[in-house]
Amino acid sequence: MSAPLGAAQRGAAPLRVALLGCGVVGGQVVRLLTEHAEDLAARVGVPLELAGIAIRRPNRHPHLPAELVTTDAAALVRRPEVDLVIEVIGGIEPARSLLLAAIGAGKSVVTANKALLAEYGGELHEAARQAGVDLYFEASVGGAIPLLRPLRESLAGDRISRVIGIVNGTTNYILSRMDETGAGFGEALEEATALGYAEADPTADVDGFDAAAKAAILGSLAFHTRVTAADVYREGISEVSAADVASARAIGCTVKLLAICERLPNVDGAGAATGGESVAVRVHPAMIPRTHPLASVGDAFNAVFVEGDAAGQLMFYGRGAGGAPTASAVLGDLVAIARNRVTGGRGPGESAYAQLRIRPMGESLTRYHISLDVADRPGVLAAVATAFATHDVSISTVRQQGRGEDASLVIVTHTAPDQALASTIDDLHKLDVVRDVASVMRVEGMTGG
């Protein structure tokens with residue numbers, strides 16, 4: 001037995017929807033499908049009817065209609081009467097196998113699964129192409145923020161050069177609290193957990209895995225090149241200290257976990273252009289000036305800048321997670337694939353024609369903020385400067401703090417290849433005059449680099 005979700009367009013045959021997963025997001029999908037049934041039917045042209053909900057533990061969802069609940073997700077996606085499939089299970093398996101089965105059975109699908117798309121997006125896109133169905137995934141990045149569809153459709157006529165943003169609300173909340181209160185990472189994480197912003201196991205968020213998966217999706221769409229999670233350089237925020245945040249404040253900056261996707265000209269070791277372009281995709285904490293628009297993005301909000309040759313700078317901002325915001329994006333995709341089913345059309349597929357080289361992190365151009373505990377004696381600055389000069393890294397600013405045992409140098413570099421900067425840090429560790437390399441953090445968005 002099925003549950004009708006729209007009374008409008010009564011004369012038309014309904015499209016029947018299978019829902020895989022009914023957690024925080026899935027529960028909101030059911031609610032919105034039910035409460036907005038009339039409007040959704042009017043927007044699509046036919047009613048949308050929930051055919052089944054696949055969940056592992058039915059006893060945890062006593063509020064769901066028993067006739068819709070099943071534990072056999074594989075059978076549900078293969079039912080002949082199912083037209084469309086929504087996946088909000090998360091993870092790689094069984095989500096991957098279920099979506100491939102649904103696509104193979106001729107059903108268009110909507111997924112919010114960024115980890116799956118970052119690992120197997122190419123396989124899913126190819127399967128959808130061969131089956132002649134749609135694969136939509138707006139909810140996989142940025143929750144309710146309309147971000148992926150503008151990249152796939154609205155900006156399809158432009159040339160995107162850079163995408164940079166805050167794409168993980170948990171880490172943004174933690175770093176914002178550290179900046180506002182002076183708290184350490186552990187204290188801010190406890191607060192985020194208590195408020196429900198952080199999972200009991202926050203590894204995916206604080207170690208940057210979530211942001212890296214989203215960066216892979218953004219890079220793929222922006223540069224028409226298949227980027228996987230393995231192509232993304234990743235650093236999390238667990239090593240960011242209260243001292244790092246204070247150092248950022250001292251130079252007019254704040255610390256954010258950034259996803260940075262860039263299209264860059266290929267260059268040789270000396271920086272000379274060699275022809276062609278490559279793509280660099282990275283996720284790491286960085287200091288950004290407080291005047292930068294991303295610096296004011298607080299709490300658990302997300303914000304992404306897109307830079308196009310013709311469009312210029314665009315900013316997308318909003319709640320990047322949560323049941324209702326994510327479900328809003330899922331329903332937007334559902335309406336799109338349902339309309340395509342009614343009209344016989346298809347949405348955009350994968351665009352990976354450019355096949356640009358993926359640039360390793362060592363070639364990425366960035367700047368470093370470095371704090372050194374040093375011996376307070378003549379020749380220290382000369383020895384430190386030599387380490388930088390050896391790797392052709394130019395120093396932008398340097399200042400000394402304290403004297404004697406408390407002496408430290410704080411250095412901000414000019415822009416240089418990350419490998420040269422990393423090699424400089426290795427050499428600094430070896431200097432007798434350097435007691436400790438206390439802090440190293442990248443700097444983005446500052447002028448004069």
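**Figure 1. Arg339 and its neighbours.** Leaving aside residues up to four places away in sequence, Arg339 touches Arg43 and Val44. This is a predicted model, and here we zoom in on one spot in helix α12, which runs over residues 323-343 and holds Arg339. Is Arg339 buried, partly exposed or exposed? With a relative accessibility of 41%, Arg339 counts as partly exposed, because that label covers values between 20% and 50%. For a sense of distance, look across to Leu20: Arg339 and Leu20 sit 319 residues apart in sequence, and their C-alpha atoms are 21 Å apart in space.

**Figure 2. The second largest pocket.** This pocket has a volume of about 330 Å³. Its lining is made up of 25 residues, and the ones closest to the pocket centre are His125, Phe137, Ser220, Leu221 and Glu350. Three elements give two or more residues each to this lining: α5 (114-131), α6 (148-154) and α10 (209-223). Which of them provides the largest share? That would be α5, with seven residues. Sorted by class, the lining of the second largest pocket has twelve nonpolar residues, nine polar ones and four charged ones.

**Figure 3. The largest cavity.** Now for an enclosed space: the structure holds one cavity of 30 Å³ or more. The largest cavity has a volume of about 40 Å³. Around it you'll find Tyr136, Phe137, Glu138, Leu148, Arg149, Arg152 and Asp333. Helix α6 gives the largest share of this lining, three residues. How many polar residues line the largest cavity? There are no polar residues in that lining, just three nonpolar and four charged ones. Phe137 may look familiar, as it is also among the residues closest to the centre of the second largest pocket.

**Figure 4. Two buried cysteines.** Here the view moves to Cys253 and Cys261. Cys253 has a relative accessibility of 1%, so it counts as buried. Cys261 comes in at 0%, so it counts as buried too. The cut-off for that label is under 20%. And how many disulfides does a search of the whole structure find? The search finds zero.

**Figure 5. Confidence along the chain.** Over the protein chain, the mean pLDDT is 93, and 95% of the residues reach 70 or more. Where does pLDDT stay under 50? Look at residues 1-9. For this stretch, the model has 31 contacts beyond four places in sequence.

Methods:
Residues are numbered from 1 along each chain as its sequence is written. This is a predicted model: local features need pLDDT of at least 70, side-chain atom pairs count only at pLDDT 80 or more; totals for chains, interfaces and linings use all residues. Side-chain values use heavy atoms; hydrogens and water are left out. On a 1 Å grid over the protein atoms alone, a cavity is a set of points where a 1.4 Å probe fits but cannot get out, and a pocket is an open set with protein on both sides within 12 Å along at least five of seven lines; lining residues have an atom within 4 Å of a point. Grid points are joined across faces, edges and corners, and a volume is the space filled by probe spheres set on the points. Helices (H or I, at least four residues) and strands (E, at least two) are DSSP runs, numbered from the N terminus. Ala, Val, Leu, Ile, Met, Phe, Trp, Tyr, Cys and Pro count as nonpolar, Asp, Glu, Lys and Arg as charged, and the others, Gly among them, as polar. A disulfide is a pair of cysteine sulfur atoms within 2.5 Å. Buried means under 20% relative accessible area, exposed over 50%, partly exposed in between (1.4 Å probe, protein chains only). pLDDT is the predictor's confidence in each residue, from 0 to 100. Contact means heavy atoms within 4.5 Å.
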